[in-house]
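The following paragraphs walk through one protein model, taking its charged side-chain pairs in turn and then turning to a single histidine. Please keep the sequence and the coordinates at hand while reading.

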Amino acid sequence: MSLRVGDIIRFERTFTTEDVELFTKISRDEGSHHIKPDEQGRLVIQGLLTATLPTKIGGDHSVLARTMNFEFLRPVFTGDTIICEVTIDQFEKQDNRTHINASFLCKNQHEKEVLRGDFSGVIL
């Protein structure tokens, strides 16, 4: 896939209890809200686990990130399906590298915004 300015890349993920347990083990982010279910039996997803959604484009396109900005707007719970749209704002060759700037917006299955931000970097 060749990226161009204005491209929108959309993907989604449903978070599970196992996702939170694995991320808790790796990150050691052991806040009680990540370990003890709420009255509906849900765990709160770690913010940085939610933030792995927009970084997916980096993995898909070999982006070496230089900056990442996240604004966490509301909690994400196990069982939530998060839809992430990444918009390519800048994509240009400079010297021997290709620079990329992108913005993103993530919404839950109820169309509520949960995360927004942007990132920049170079394509390896």
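How many salt bridges does a search of the whole structure find? The structure in view is a predicted model, and the search through the whole of it returns seven salt bridges.

A suitable place to begin is the pair formed by Arg-42 and Asp-38, which are joined by a salt bridge whose closest N and O atoms lie 2.9 Å apart. Arg-42 has a relative accessible area of 23% and is therefore classed as partly exposed, and Asp-38, at 21% relative accessibility, also counts as partly exposed. Since the class of buried residues is defined as under 20% relative accessible area, the value of 21% for Asp-38 places this residue among the partly exposed ones.

The next pair is found in helix 4, which spans residues 52-61 and contains both Lys-56 and Asp-60. Because these two residues are four positions apart within that helix, they are separated by about one helical turn, and a salt bridge connects them, with 2.6 Å between the closest N and O atoms. Lys-56 is partly exposed at a relative accessible area of 38%, while Asp-60 is partly exposed at 46%.

A further salt bridge brings together the side chains of Glu-71 and Arg-116, with an N to O distance of 3.0 Å. This pair links distant parts of the chain, given that Glu-71 belongs to strand 2 (residues 63-72) and Arg-116 to strand 5 (residues 113-123), with their positions 45 residues apart in sequence. Glu-71 is partly exposed, having 39% relative accessibility, and Arg-116 is likewise partly exposed, having 34%. The two residues also take part in a network of salt bridges, in which Glu-71, Glu-113 and Arg-116 are linked.

Turning from the charged pairs to the histidine, is His-99 buried or exposed? His-99, whose place is in strand 4 (residues 97-107), has a relative accessible area of 18% and is therefore buried, the cut-off for that class being under 20%. Its surroundings, when residues up to four places away in sequence are not counted, consist of contacts with Arg-66, Gln-90, Phe-91, Glu-92, Gln-94, Gly-121 and Val-122. With one of these contacts, Gln-94, the side chain of His-99 makes a polar contact, side chain to side chain, at 3.2 Å.

Methods:
Residues are numbered from 1 along each chain as its sequence is written. This is a predicted model: local features need pLDDT of at least 70, side-chain atom pairs count only at pLDDT 80 or more; totals for chains, interfaces and linings use all residues. Side-chain values use heavy atoms; hydrogens and water are left out. Buried means under 20% relative accessible area, exposed over 50%, partly exposed in between (1.4 Å probe, protein chains only). A polar contact is a pair of N or O atoms within 3.5 Å; within protein, one must be able to donate a hydrogen and the other to accept it, and residues adjacent in sequence count only if both atoms are side-chain atoms. Contact means heavy atoms within 4.5 Å. A salt bridge is a side-chain nitrogen of Lys or Arg within 4 Å of a carboxyl oxygen of Asp or Glu.
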